[in-house]
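Work through the exercises below with the coordinates open. Try each task before reading its solution.

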Amino acid sequence: KQSKQEPVKQEPVKQEPVKKPEPKPEPEPEVSTGNSELDAVIRQGRQSVKRLQELHDDVPDFKISAQLKQIEILTASIIDQVERKEDKLKQVRQFMNYYLPTTIKLLEQYVQLQNVGLKGENISAAMQEIEGMLDKVIVAFQKQLDSLFERDVVDITADIQVMEQMMASQGLTNHKDF
């Protein structure tokens, strides 16, 4: 007589969810232009853009958030221009040494004030002052960026004038400008 054995029931094995390692932020590419002052400005600029991005993430207000994004884009564009053309470094000294760090400091204070639970009169007034300042900062940063192109525009205009004169002198256009 054979005995039937019932199959042994196994409890399902609980597996801990596999934790995916958090992606490490990619290190900033090392800056080495051969000019230590330019390298320092580029590093500082990139760090400032990164800080502006962090502050942008901390601001829920749509209008302020949009202004922060604009400041971030303008700052990145200014740094990009200096990185492309080293001779523009002199033009951004005050921007890098005062305007950008002060703007970031004010934005950090804004985020701190925003995170205070109950807002009193002083907190609200300080926040409104910073909010009012952002449009002025945007205009100033736009002018800073625009000024970096001033010499390029002069060069472009001169190149166009010379080309037009050469084409006219060789009868390649209908204009005789001389």
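**Exercise 1. Fold inventory**

Task: How many helices and strands make up the secondary structure of the protein chain?

Solution: The model is a predicted one.
- Count the elements: the protein chain has 5 helices and 0 strands.
- Read them from the N terminus: the order is α-α-α-α-α.
- Check burial: 28% of the 178 residues count as buried.
- Check contact range: among contacts between residues at least 6 apart in sequence, 64% join residues at least 24 apart.

**Exercise 2. H2 against H3**

Task: Determine how helix H2 and helix H3 pack, and describe their contact.

Solution: Two packed helices are described by the angle between their axes and the distance between the axes.
- Take the geometry: H2 (residues 62–84) and H3 (residues 93–114) pack at about 155 degrees, and their axes are 13 Å apart.
- Classify the angle: angles over 145 degrees count as roughly antiparallel, so H2 is roughly antiparallel to H3.
- Assign the hand: H2 passes H3 in a left-handed crossing.
- List the contact: H2 contributes Ile 64, Leu 68, Ile 71, Thr 75, Ile 78 and Ile 79, while H3 contributes Phe 95, Met 96, Leu 100, Thr 103, Leu 107 and Tyr 110.
- Sort these residues: 10 are nonpolar, 2 are polar and none is charged.

**Exercise 3. H1 against H3**

Task: Repeat the analysis for H1 and H3.

Solution:
- Take the geometry: the axes come within 11 Å and cross at roughly 20 degrees.
- Classify the angle: angles under 35 degrees count as roughly parallel, so H1 is roughly parallel to H3.
- Assign the hand: H1 passes H3 in a left-handed crossing.
- List the contact: on H1, the residues are Glu 37, Val 41, Gln 44, Gly 45, Ser 48, Arg 51, Leu 52 and Leu 55. On H3, they are Arg 93, Met 96, Leu 100, Pro 101, Ile 104, Leu 107, Glu 108 and Val 111.
- Sort these residues: the contact of H1 with H3 divides into 9 nonpolar, 3 polar and 4 charged.

**Exercise 4. The core**

Task: Which residues of the largest nonpolar core touch the most other members?

Solution: In soluble globular proteins, nonpolar side chains tend to be buried together.
- Find the hubs: in this core of 32 residues, they are Ile 71, Val 92, Phe 95, Met 96, Leu 100 and Phe 141.
- Trace the suppliers: helix H1 (36–57), H2, H3 and helix H4 (121–147) each give at least two residues to the core.
- Follow one hub: beyond its neighbours within four places in sequence, Ile 71 contacts Leu 52, Thr 103, Leu 134, Val 137, Ile 138 and Phe 141.

**Exercise 5. Two residues of H2**

Task: Is Thr 75 buried or exposed? Then ask the same of Ile 64: buried or exposed?

Solution:
- Place Thr 75: this residue sits in helix H2.
- Apply the cut-off: buried means under 20% relative accessible area. Thr 75 has 0%, so Thr 75 is buried.
- Name its partners: leaving out residues up to four places away in sequence, Thr 75 touches Val 49, Leu 52, Phe 95, Leu 100 and Phe 141.
- Place Ile 64: this residue also lies in helix H2.
- Apply the cut-off again: Ile 64 is at 3% relative accessibility and therefore counts as buried.
- Name its partners: beyond neighbours within four places in sequence, Ile 64 contacts Val 59, Tyr 110, Glu 131 and Leu 134.
- Add a distance: Ile 64 and Ile 130 are 66 residues apart along the chain, and their C-alpha atoms are separated by 9.9 Å.

Methods: Residues are numbered from 1 along each chain as its sequence is written. This is a predicted model: local features need pLDDT of at least 70, side-chain atom pairs count only at pLDDT 80 or more; totals for chains, interfaces and linings use all residues. Side-chain values use heavy atoms; hydrogens and water are left out. Axes are lines fitted to C-alpha atoms, for helices over the stretch in contact, and angles run from 0 to 180 degrees between N-to-C directions. Helices (H or I, at least four residues) and strands (E, at least two) are DSSP runs, numbered from the N terminus. Angles under 35 degrees count as roughly parallel, over 145 as roughly antiparallel, 65 to 115 as roughly perpendicular and the rest as oblique. A crossing is left-handed if the near helix is turned anticlockwise from the far one by less than a right angle, and right-handed if clockwise. Contact means heavy atoms within 4.5 Å. Ala, Val, Leu, Ile, Met, Phe, Trp, Tyr, Cys and Pro count as nonpolar, Asp, Glu, Lys and Arg as charged, and the others, Gly among them, as polar. Buried means under 20% relative accessible area, exposed over 50%, partly exposed in between (1.4 Å probe, protein chains only).
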